Amino acid sequence: MENNLTLNPRDAQSLSPWQNTSPGEITQQKSDVAEIIYDVLIVGAGITGLTTGLLLQKAGKRCLIVEAGKVGFGTTGGTSAHLNTFFDATNPEIESDFGQAQAKQVADSGKEAMSIIATLAEEYQIECDLEYKEGYLFSENEKESKQLQEILEASRRAGIAVTESDGNDVPVTFDKAIRFARQGQFHPLKYLKGLTAAFLDLGGVILEDSFVSDREKSEGMITIVAGEKKLKGLNLVYATHMPPGITAYSLRCAPYRSYVLGIILKNNQYPTGLSYDMQEPYHYFRTHHIDGQPYLIVGGEDHKTGHADPEQAFANLEQYAREHYEVDSVAYRWSSQYYIPVDGLPYIGPLSATGNNTYIATGFNGNGMMFGTLSGKIISDQILGIENPYSSLYSPSRLKPVAGFSEFVKENADVAWYFLADRFGAEDIEKLSELKRGEGKIAEFQGEKLAIYKDVQGKVTAVSPVCTHAGCIVNFNAAEQSWDCPCHGGRFDTSGKVICGPPQKDLKQINLTTEPGV
């Protein structure tokens, strides 16, 4: 008997082009996963989970990947799919916080991640539109130009191939530009499908539509609970972008959302490389061809999850694109979540310094495809007992109080404020008719604070607005029709079901006796 694996369906308006054009179904033999003790349980079937699983399965380990939705459902499906050997944490910042030797290590790890992607694509003959491109970083004023010169010099010290450039590959006026050699891009879900097929061919098992709600450990055995199933293994990897529950990493990583458009141009003046400005937040550009049609992929307008208006972010991004390009139409618009670590580098490896056979990978900033791939290599090496040169650099137990303290304070100062202030001053809704179709609000109704949503048919649903992670109050995200937590980035659909982030339980549903048309 076969179990079909399909990609998660989404609203077409918020689909990325990868999700909208992903290749056909893949299959695996069905097995009784609850009866087997696996060498490694991996939670999450994105690039981190599948790279980890494939490398371990290839080394002879028996692995089970458990996914809450479908393969590629999460962040991998929402990436803009830039592959860089320079990261959001700049080389001057890494030198200042960690040292020149560590900055070179970070640069080397980026090159290794790029090499792993290319090697796996070649080894398993994965047709994923993988291409090497020139990458351009450009400044638009004197202050940015000074920073850019520092980046150029520090990048060279780190061993990155970078030169000054006369152009920036996009029609944006600039003051200074530098060019990084052998950057890259690919179709992330075609790549993920190839990893999945290779993993299954080697005997790996994937369990979809299985939200992991609990974890137990006894006598060296780890048990995770997914619905009615209890799954057992000797090691556990959380490849979930953020480890679930209330952990130190909820405070050490701040959740952000970034917005992306897929645009068809009138004049065919598409970029040939990858480009980035230095605004805060920055914009990023590239081109991808799908079924013969080129698309300008432009992104930016990042903000902390739950802290700004996503509709306005999309509007601002489109306006920016129209200021610089002759836009014919916007074919795709989507957003995705990422986490910024307080000291700039991700946390990859054992969850506990004392060793409990549980591993995490989080805090990738905007470089998820690279650090997700690198995480697969680091964690698989650690489980296999192989010394990895980057284990110490990215260790979750590292302590850098000076490097990360100011960011830690800045990112978490508003958490306590939201926790208290959101419980007061909500505007009462005397009649549910005040709620527009497709709209959600936090409101007092019949003496109780509710997260109320009215769908396009007029049906009203209500859930508790209290995030099940740490008790903050969620906000409504109109662009993506979700309830988003402004404290630690938990996201829920309009029925209260967990979409992503650290929450392990859905929002409590509230019974309302309202009919369509109210």
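These legends go with close-up views of a predicted model.

**View A. A hairpin made by strands 10 and 11.**
Here strand 10 (residues 212-218) runs antiparallel to strand 11 (residues 221-226), and 6 bridges join the two. If you want a place to start, find S218, whose bridge partner in strand 11 is M221. Between the strands there are 2 residues. E219 sits in that turn, with a positive phi of about 50°. As background, most residues other than glycine have a negative phi.

**View B. Y256 and Y338, a stacked aromatic pair.**
The structure holds 17 aromatic pairs, and this view picks out one of them, Y256 with Y338. Their ring centres are 5.9 Å apart, with 20° between the planes. Y256 belongs to strand 13 (residues 253-265) and Y338 to strand 17 (residues 327-341), so the pair links distant parts of the chain, 82 residues apart. Are these two tyrosines buried or exposed? Y256 is buried, because its relative accessibility is 15% and the cut-off for buried is under 20%. Y338 is buried too, with a relative accessible area of 11%.

**View C. Y453 and F476, a tilted aromatic pair.**
Pairs like this are described by the distance of the centres and the angle of the planes. For Y453 and F476 the centres lie 5.7 Å apart and the planes meet at 40°, so the pair counts as tilted. Y453 comes from strand 21 (residues 448-454), while F476 comes from strand 23 (residues 475-477). The pair therefore ties together parts that are 23 residues apart in sequence. Both Y453 and F476 are buried.

**View D. An aromatic cluster, and arginines over rings.**
Look for F86, F180, Y276, Y282 and Y284, which form one aromatic cluster. Two arginine placements can be shown alongside. R62 lies over the face of Y38, at 6.0 Å from the ring centre. R333 does this with F314, lying over the ring face at 4.4 Å from the centre.

**View E. An open sheet of 4 strands.**
The strand order is 23-24-25-26, with antiparallel pairing. Which strands stand at the edges? They are strand 23 and strand 26 (498-500), and each has a single partner strand, so one side of each is left without a neighbour in the sheet. From one strand to the next, the twist averages 35°. Zoom in on strand 23 and strand 24 (residues 482-484) and you'll find 3 bridges joining them. One residue to look for is N477, whose bridge partner in strand 24 is S482.

**View F. Cysteines in a structure with 0 disulfides.**
Take C485 as the example. The cysteine sulfur closest to its own is in C467, 4.0 Å away, which is too far for a bond. C485 counts as buried, at 2% relative accessibility. C128 is also buried, with a relative accessible area of 2%.

**View G. Helix 5 and the residue that follows it.**
Helix 5 (residues 100-123) has 24 residues. From first C-alpha to last it reaches 34 Å, close to the 34 Å expected at 1.5 Å a residue. Its buried residues include A103, V106, A107, G110, M114, I117 and L120. After the helix comes Q125, with a positive phi near 50°.

**View H. Helix 10, mostly covered.**
Of the 17 residues in helix 10, 14 are buried. The helix covers residues 368-384, and its end C-alpha atoms are 24 Å apart, which agrees with the 24 Å it should span at 1.5 Å a residue. G385 follows the helix, with a positive phi near 80°.

**View I. Loops with backbone features to check.**
Start at E280 and P281, which are joined by a cis peptide bond with omega at about 0°. P281 sits in the loop between strand 14 (274-276) and strand 15 (284-290). For context, most peptide bonds are trans.
Next is N268, in the loop between strand 13 and strand 14. Its phi is positive, near 65°, though N268 is a residue other than glycine. N268 counts as exposed, at 53% relative accessibility.
Finish at D291, in the loop between strand 15 and strand 16 (293-304). D291 has a positive phi of about 50° and is not a glycine either. How exposed is D291, then, and what is its relative accessibility? D291 counts as exposed, at 77%.

Technical notes:
Residues are numbered from 1 along each chain as its sequence is written. This is a predicted model: local features need pLDDT of at least 70, side-chain atom pairs count only at pLDDT 80 or more; totals for chains, interfaces and linings use all residues. Side-chain values use heavy atoms; hydrogens and water are left out. Two strands pair if DSSP finds at least two bridges between them. Rings of Phe, Tyr and Trp (its six-membered ring) pair if their centres lie within 6.5 Å; planes under 30 degrees apart count as stacked, over 60 as edge-to-face and the rest as tilted. Buried means under 20% relative accessible area, exposed over 50%, partly exposed in between (1.4 Å probe, protein chains only). A charge sits over a ring if NZ of Lys or CZ of Arg is within 6 Å of the ring centre and within 35 degrees of the ring normal. Axes are lines fitted to C-alpha atoms, for helices over the stretch in contact, and angles run from 0 to 180 degrees between N-to-C directions. A disulfide is a pair of cysteine sulfur atoms within 2.5 Å. The expected span of a helix is 1.5 Å times one less than its number of residues.
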